[in-house]
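You asked for a few notes to read alongside the structure. They are set out below as numbered points, moving from the overall picture to single residues.

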Amino acid sequence: MKKYFVFSDIHGNLKPLVEALDEAGFNMDDDNHILLSLGDHFDRGTQNLQVLAYLMHFDKLNRIIMIRGNHDDFLLKFLKNESDGIFNIQKNGFGNTLIELASKDSVTIPMMRDSINKRFPNLITLLEKMIDKFELGDYVFTHAGYAYDKKRGWYIYNFASTPYFLKHFDTKDKYYVFGHAHASAMNYYELGIESNDIFEMGNFIGIDANTVLNKKVHILIFDEFGNKLI
Ligand SMILES: [Mn+2]
């Protein structure tokens, strides 16, 4: 029986992830233990290189399912030369990722791009194979939920406005698990409580622990039929 260990938004922090998985009973050597990441693997933290090695390790073993967060998109677009990265360096902690992943002799941003693509020739492929959504039983996993547009209706968007999603999206009989927005902020603004625990409201479950600040990662565990074990 497979077990899925779900986490999100580690943002360049490997140690808190490994500690949380340890505590949750994740066994590195058990092929039935599968990781399900809800995205935003990089930026802001200081272990981006270690995070990448960890993802590549489990990807090689086919033991990780990765959803693509908006920060994973930042890196993908930069590496494909579709973005100069400047805005995200200034505002979103992308500079840490570049400095860690590029060779030390890269002194300009374009040199960093070339260096990263050279050092990690499969990184673009890894980022491109990240998915938008994963489902297990009644649970739907995304990075940031759904956004609404008059033409398209509701669509999965990894930069969706969380308050809008929570207010207007009809979950019906499914459960929606997501990261992207700090659980502490949703607990405060939606429920009026001061807590950094997992956010649960109706059929919404938010698991972003604000790892950069708290050095903590929330883990959920599911069996292969979508029964929530933790
Ligand atoms: Mn995000």
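**Notes on the structure**

1. I start with one pairing in the second half of the chain: Phe178 has Gly206 as its bridge partner in β10. This pairing belongs to a set of four bridges by which β8 and strand β10 (residues 204-208) are joined in the parallel sense. Please keep in mind throughout that this is a predicted model.

2. The surroundings of β8 deserve a second look, since strand β8 (residues 175-182) is mostly covered, with six of its eight residues buried. Besides β10, a further partner is strand β5 (residues 139-141), which runs parallel to β8 and is joined to it by three bridges. Within that pairing, Val140 is matched with Tyr176 of β8.

3. As for the whole protein, its secondary structure consists of 10 helices and 11 strands, and the C-alpha trace spans about 50 × 45 × 35 Å along the principal axes. The radius of gyration is 17 Å, which agrees with the value near 17 Å that a compact globule of 230 residues would have. Of the 230 residues, 40% are buried. Among the contacts with a separation of 6 or more, 68% are between residues 24 or more positions apart.

4. How is the chain divided into domains? The domain assignment gives domain 1 (3-128) and domain 2 (134-217), and the C-alpha centres of domain 1 and domain 2 are 21 Å apart. The contact takes 23 residues from domain 1 and 18 residues from domain 2. On the side of domain 1 that touches domain 2, the elements giving two or more residues are β1, α1 and α3 (70-79). By class, that side of domain 1 has 11 nonpolar, seven polar and five charged residues.

5. One of the elements just named, strand β1 (residues 3-7), is largely enclosed by the rest of the structure, because four of its five residues are buried. Five bridges join β1 to strand β2 (residues 33-37), and these two strands run parallel; as an example from this pairing, Val6 has Leu36 of β2 as its bridge partner. Taken together with helix α1 (residues 15-23), β1 and β2 form a right-handed β-α-β unit.

6. β1 also pairs with strand β11 (residues 220-223), this time in the antiparallel sense and over four bridges. Here the bridge partner of Tyr4 in β11 is Phe222.

7. Is Asp31, in the loop between α1 and β2, buried or exposed? Asp31 has 10 other C-beta atoms within 10 Å and is therefore exposed, given that a residue counts as exposed with 12 or fewer such neighbours. For a sense of distance across the model, Asp31 and Lys151 are 120 residues apart in sequence and 43 Å apart in space, C-alpha to C-alpha.

8. Two residues should be checked for their backbone angles, since most residues other than glycine have a negative phi. Asn62 is not a glycine, and yet its phi is positive, at about 55 degrees. Asn62 sits in the loop between α2 (48-60) and β3 (64-66), where it counts as exposed because it has 9 C-beta neighbours inside 10 Å.

9. The second of these residues is Lys215, likewise not a glycine, with a positive phi of about 50 degrees. Lys215 is placed in the loop between α10 (211-214) and β11. With 14 C-beta neighbours inside 10 Å, Lys215 counts as partly exposed.

10. Finally, Asp138 returns us to the region of β5 and β8, for Asp138 is found in the loop between β4 (134-136) and β5. Asp138 has 15 C-beta neighbours inside 10 Å and so counts as partly exposed. Which residues does Asp138 contact, leaving aside its neighbours within four places in sequence? They are Asp173, Lys174, Tyr175 and Gly226. The C-alpha atoms of Asp138 and Tyr176 are separated by 8.6 Å, although their positions lie 38 residues apart along the chain when counted as a separation in sequence.

Conventions
Residues numbered from 1 in each chain as written. Predicted model: local features only at pLDDT ≥ 70, side-chain atom pairs only at ≥ 80, totals over all residues. Rg over C-alpha atoms; globule rule 2.2 N^0.38 Å. Buried ≥ 20, exposed ≤ 12 C-beta atoms within 10 Å, placed from the backbone. Contact = placed C-beta atoms within 7 Å. Pairing = 2+ DSSP bridges. Right-handed = clockwise from strand over helix to strand, strands pointing away. Domains from an automatic or database assignment. Nonpolar A, V, L, I, M, F, W, Y, C, P; charged D, E, K, R; others polar.
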